[in-house]
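Please look through the sequence and the model below before reading on. The paragraphs after them go from the whole chain to single residues.

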Amino acid sequence: MPVEFMPEVVQNISKALPQYWALQGYKEVILSDGGVSDIWLNLFILIVAGVAGGILALVSYPRFLRQSRS
C-alpha cells in the first residue's frame with residue numbers, strides 16, 4: 001500500500017523505517033528515471049541503518065563475535 005494513502009500519523013512513523021527510504025529510492029529510479037545522484041539521501045540513510053543494525057547485533061550477541069574469532 002502506498003504511504004500516501006495511509007493516515008498522516010502512519011506516514012510520519014514510516015519515515016523512521018528503512019523500508020520507507022528503500023521504496024522511495026525505488027520509486028525515484030523506476031518512475032522518474034533517477035540515478036544515484038537523485039537517491040543519495042536514501043542510500044545514506046540505508047547505509048546508516050545497516051551499520052546501526054550491525055553494531056546492535058554485535059553488542060546484543062557477543063557470543064557470535066567470539067565464535068567467529070576461533
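How many helices and how many strands does the protein chain have? The model, which is predicted, shows 4 helices and 0 strands in the protein chain. Read along the sequence, the elements follow the pattern α-α-α-α.

The overall dimensions come next. The C-alpha trace of the protein chain spans about 50 × 30 × 15 Å along its principal axes. Its radius of gyration is 16 Å, whereas a compact globule of 70 residues would have a value near 11 Å. Of the 70 residues in the protein chain, 11% are buried. The accessible surface of the chain comes to about 5,800 Å², and carbon and sulfur atoms account for 68% of that surface.

The beginning of the chain can be followed through helix α1, which covers residues 8-14 and includes Ser14. Is Ser14 buried or exposed? Ser14 has a relative accessibility of 10%, so it counts as buried. Leaving aside residues up to four places away in sequence, Ser14 touches Val3 and Tyr20. Tyr20 is also buried, because its relative accessibility is 15% and the limit for a buried residue is under 20%.

Tyr20 leads to the aromatic residues. The structure holds 1 aromatic pair. The ring centres of Tyr20 and Trp21 are 5.0 Å apart and the ring planes stand at 90°, so this pair is edge-to-face. The angle decides the label here, because planes over 60 degrees apart count as edge-to-face.

A charged contact also involves the segment before α1. The structure holds 1 salt bridge. Which side chains meet in it? They are those of Glu4 and Lys27, with a distance of 3.0 Å from N to O. This pair links distant parts of the chain, since Glu4 lies in the segment before α1 and Lys27 in helix α2, 23 residues apart. Glu4 has a relative accessible area of 48%, so it is partly exposed. Lys27 is partly exposed too, because its relative accessibility is 33%.

After helix α2 (18-32) comes a loop that leads to α3 (40-60), and Val36 has its place there. Asp33 lies in the loop between α2 and α3 as well. The phi angle of Asp33 is near 55°, a positive value in a residue other than glycine. With a relative accessible area of 70%, Asp33 is exposed.

Ile39 is another residue of the loop between α2 and α3. Is Ile39 buried or exposed? Its relative accessibility is 12%, so Ile39 counts as buried. Not counting residues up to four places away in sequence, Ile39 touches Gly25, Glu28 and Val29. The C-alpha atoms of Ile39 and Lys27 are separated by 9.9 Å, and the two residues are 12 places apart along the chain.

Val36, in contrast to the buried Ile39, is exposed, because its relative accessible area is 58%. Which residues form a nonpolar patch on the surface with Val36? They are Leu43, Ile47, Val51, Ile55 and Val59, and together with Val36 they have about 570 Å² of accessible area.

Key. Residues are numbered from 1 along each chain as its sequence is written. This is a predicted model: local features need pLDDT of at least 70, side-chain atom pairs count only at pLDDT 80 or more; totals for chains, interfaces and linings use all residues. Side-chain values use heavy atoms; hydrogens and water are left out. Rings of Phe, Tyr and Trp (its six-membered ring) pair if their centres lie within 6.5 Å; planes under 30 degrees apart count as stacked, over 60 as edge-to-face and the rest as tilted. Buried means under 20% relative accessible area, exposed over 50%, partly exposed in between (1.4 Å probe, protein chains only). Helices (H or I, at least four residues) and strands (E, at least two) are DSSP runs, numbered from the N terminus. Contact means heavy atoms within 4.5 Å. Patches are made of residues with over 30% relative accessible area and no salt bridge: like charges are joined within 9 Å, nonpolar side chains (Val, Leu, Ile, Met, Phe, Trp, Tyr) within 5 Å. Accessible areas come from the Shrake-Rupley method with a 1.4 Å probe; for residues, only the protein chains shown count as cover. A salt bridge is a side-chain nitrogen of Lys or Arg within 4 Å of a carboxyl oxygen of Asp or Glu. The radius of gyration is taken over C-alpha atoms; the globule rule is 2.2 Å times the number of residues to the power 0.38.
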